[in-house]
Amino acid sequence: MSTCKIKICGLTRIEDVQAAAQLGADALGFVFYPPSPRHLAIPQAAKLVSALPPFMTSVGLFVDAEPAVVRSVLQTVPLDLLQFHGDESPDYCQQFDRPYLKAVRVRPGLDLLAYAKAHRDARGLLLDAYVEGQPGGTGHQFDWQLIPKGLPLPVVLSGGLTPDNVADAVTQVKPWAVDVSSGVESAKGIKDAARIAAFINGVRNANV
Ligand SMILES: O=C(O)c1ccccc1NCC(=O)[C@H](O)[C@H](O)COP(=O)(O)O
């Protein structure tokens with residue numbers, strides 16, 4: 001049985017927060033990126049985050065946001081962890097004095113070891129698929145063979161994971177955690193409890 005951690009991203013409804021918590025997710029992601037169909041206004045996000053039970057991590061996701069925007073979210077929404085999903089520099093990421101994940105969209109030619117070393121203050125590296133013009137939440141998978149051995153940060157594997165492929169992903173990549181959005185949805189931003197349950201089962205049944 002795998003003890004890989006599980007983050008479900010892009011929740012917009014209280015019932016989905018409650019279902020993900022009851023089914024055993026470790027972390028939930030909330031999107032603060034206005035072009036995304038999963039984007040949350042601050043009051044809505046505050047309501048969702050305050051419904052989290054103890055010991056469950058709330059993650060706020062930003063894409064090249066103005067620092068003032070991140071600060072204004074942090075004033076009202078009690079986020080445990082930030083996730084920077086754009087081209088943010090290490091200096092940018094560190095300025096909020098909050099633990100953070102750095103997301104990177106993996107494609108051939110990218111030196112992931114150098115990238116991880118540059119972002120060594122991150123709590124982990126979230127590896128996502130590269131899709132032109134779409135920073136994340138695409139439902140696309142990338143080639144896991146592009147992940148080098150010996151990355152100096154915990155890996156959060158993401159990008160096109162589903163209940164059907166997540167056991168293979170965990171078995172092959174052995175990440176610290178997996179992250180999913182589209183693969184557990186019935187429509188963008190609307191999570192499906194049966195798919196979340198099947199996803200979590202897939203992680204737990206991985207052969208590691
Ligand atoms: O979810 C979004 O709409 C989104 C928009 C812009 C940047 C990032 C976004 N999501 C980030 C996530 O952590 C997703 O879970 C990750 O990209 C994987 O998504 P998916 O392939 O749909 O599972």
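What follows is a chat between a trainee and a mentor about a predicted model of one chain.

Trainee: Before I read anything off this, what are the ground rules?
Mentor: Since this is a predicted model, local features need pLDDT of at least 70 and side-chain atom pairs count only at pLDDT 80 or more, while totals for chains, interfaces and linings use all residues. Residues are numbered from 1 along each chain as its sequence is written.

Trainee: OK, how many helices and strands does the chain have?
Mentor: The chain has seven helices and ten strands, taken as DSSP runs numbered from the N terminus, with H or I over at least four residues for a helix and E over at least two for a strand.

Trainee: And what is the radius of gyration?
Mentor: Taken over C-alpha atoms, the radius of gyration is 16 Å, close to the 17 Å from the globule rule for 208 residues, so the chain is as compact as a globular protein of that length. That rule is 2.2 Å times the number of residues to the power 0.38. The C-alpha trace spans about 40 × 40 × 30 Å along its principal axes.

Trainee: How much of the chain is buried?
Mentor: Of the 208 residues, 40% count as buried, meaning that 20 or more other C-beta atoms, placed from the backbone, lie within 10 Å of the residue's own, whereas exposed means 12 or fewer and partly exposed lies in between.

Trainee: Switching to the ligand, which residues come nearest?
Mentor: Cys9, Ser36, Gly136, Gly137 and Ser182 come nearest among the 25 residues around the ligand, where a residue belongs if its C-beta atom, placed from the backbone, lies within 6 Å of the molecule. Strand E2 (27-32) and strand E8 (177-180) are the elements that give two or more residues to this shell.

Trainee: Any UniProt annotation?
Mentor: An unreviewed UniProt entry places the feature "domain: N-(5'phosphoribosyl) anthranilate isomerase (PRAI)" at residues 6-201, although such annotations may be inferred rather than shown by experiment. Over residues 6-201 the chain is 30% helix and 23% strand, with the end C-alpha atoms 11 Å apart.

Trainee: Last thing, what is phi at Asp64, and where does the residue sit?
Mentor: Phi of Asp64 is near 45 degrees, a positive value in a residue other than glycine, and the residue lies in the loop between strand E3 (57-62) and helix H3 (67-76). Most residues other than glycine have a negative phi.

Trainee: Is Asp64 buried or exposed?
Mentor: Asp64 counts as exposed, because it has 12 C-beta neighbours inside 10 Å.

Trainee: And what about Asp97?
Mentor: Asp97 has a positive phi near 50 degrees and belongs to the loop between helix H4 (90-94) and strand E5 (100-106); Asp97 is exposed, with 7 other C-beta atoms within 10 Å.
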